[in-house]
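Please look over the model displayed below, together with its sequence. The exchange that follows then works through a set of questions, each with a short line of reasoning.

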Amino acid sequence: MRLTTKGRFAVTAMLDLALHGGKGPVTLAGISQRQSISLSYLEQLFGKLRRHTLVDSTRGPGGGYTLARSLERVSVADIITAVDEPLDATQCGGKENCHDDRRCMTHDLWATLNEKMHDYLSSVTLADLVAHQAGKPVAVIKDFRQQEKVAA
């Protein structure tokens, strides 16, 4: 399974918007500078996010982007889906023709992983990510790096 740069950048940009949007519209130039994401790439992503009603745009001086929904109503899965990122661990795209036009032996494993990934990413909201950035423990987000340091 690969989560591509497009999906990662979209989630990062939406989190930046959530963190900086309290004072009005946020410019893509600001997000670009803070997150080191190309402005033209952000323009493409935000066009898709706007079409999926995750963000609203305001034109003119003082314009930019705002969230179109509350933080609690935007999941990571919503964001990734909006930018056309398939979360698919199967090689066949779910068509069950992975091995010589037949279903491969591990198809069910990868299909179940797809379901688990979607369920997990649907359970994590922008509100969770904002709380996590503020250092608050969030039940759906676990930092396993601390456990690895202790175990080493």
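**Charged pairs, fold and pocket**

Q: How far apart are the closest N and O atoms in the salt bridge that Asp16 forms with Arg34?
A: Asp16 and Arg34 form a salt bridge (a side-chain nitrogen of Lys or Arg within 4 Å of a carboxyl oxygen of Asp or Glu). This is a predicted model, in which local features need pLDDT of at least 70 and side-chain atom pairs count only at pLDDT 80 or more, while totals for chains, interfaces and linings use all residues. Residues are numbered from 1 along each chain as its sequence is written, and side-chain values use heavy atoms, with hydrogens and water left out. Between Asp16 and Arg34, the closest N and O atoms have a separation of 2.7 Å.

Q: Why does the pair of Asp16 and Arg34 tie together parts that are apart in sequence, and how many residues apart are they?
A: Asp16 belongs to helix α1 (residues 5-20), whereas Arg34 belongs to helix α2 (residues 28-35); helices (H or I, at least four residues) and strands (E, at least two) are DSSP runs, numbered from the N terminus. Because the two residues lie in these two helices, the salt bridge joins parts whose separation in sequence is 18 residues.

Q: Is Asp16 buried or exposed, and what is its relative accessible area?
A: The classes are set by relative accessible area, with buried under 20%, exposed over 50% and partly exposed in between (1.4 Å probe, protein chains only). Its partner Arg34 counts as partly exposed at 37%, whereas Asp16 is buried, at a relative accessible area of 2%.

Q: Which side chain meets that of Arg69 in a salt bridge?
A: The count comes to two salt bridges in the model. One of them involves Arg69, which is partly exposed at 24% relative accessibility, and its N-to-O distance is 3.7 Å. The partner is partly exposed as well, with a relative accessible area of 29%, and it is Asp78.

Q: How far away from the buried Asp128 is the nearest side chain of opposite charge?
A: Asp128 sits in helix α6 (residues 126-133) and is buried, yet it has no salt bridge. Leaving aside neighbours within four places in sequence, Asp128 is in contact (heavy atoms within 4.5 Å) with Ser123, Val138, Val140 and Ile141. With Lys and Arg taken as positive and Asp and Glu as negative, His and the chain ends not being counted, the nearest side chain of opposite charge is Lys136, at a distance of 11 Å.

Q: Which pattern does the protein follow when read along the sequence?
A: The secondary structure comprises seven helices and two strands, and the C-alpha trace spans about 55 × 40 × 25 Å along its principal axes. Of the 152 residues, 34% count as buried. Among contacts with a separation of 6 or more, 59% come from residues 24 or more positions apart. Along the sequence, the pattern reads α-α-α-β-β-α-α-α-α.

Q: Which element gives the largest share of the lining of the largest pocket?
A: The largest pocket holds about 360 Å³ of space, and of its 18 lining residues the closest to its centre are Leu3, Val11, Val76, Leu121 and Leu129. Two or more lining residues come from each of α1, α4 (76-82), α5 (107-123) and α6. The largest share, five residues, is given by α1.

Q: Which residues does Ser122 touch, not counting residues up to four places away in sequence?
A: Ser122 is found in helix α5 and is partly exposed, with a relative accessible area of 33%. Its C-alpha lies 20 Å from that of Gly93, a residue 29 positions apart in sequence. Outside the excluded neighbours, Ser122 touches Ser75 and Ala77.

Q: What is the phi of Ser36 near, given that it is a positive value in a residue other than glycine?
A: Ser36 is placed in the loop between α2 and α3 (39-51), where it is exposed at a relative accessible area of 64%. Ser36 and Phe9 are 27 residues apart in sequence and 9.8 Å apart in space, C-alpha to C-alpha. Although Ser36 is not a glycine, its phi is positive, near 55 degrees.

Terms used: On a 1 Å grid over the protein atoms alone, a cavity is a set of points where a 1.4 Å probe fits but cannot get out, and a pocket is an open set with protein on both sides within 12 Å along at least five of seven lines; lining residues have an atom within 4 Å of a point. Grid points are joined across faces, edges and corners, and a volume is the space filled by probe spheres set on the points.
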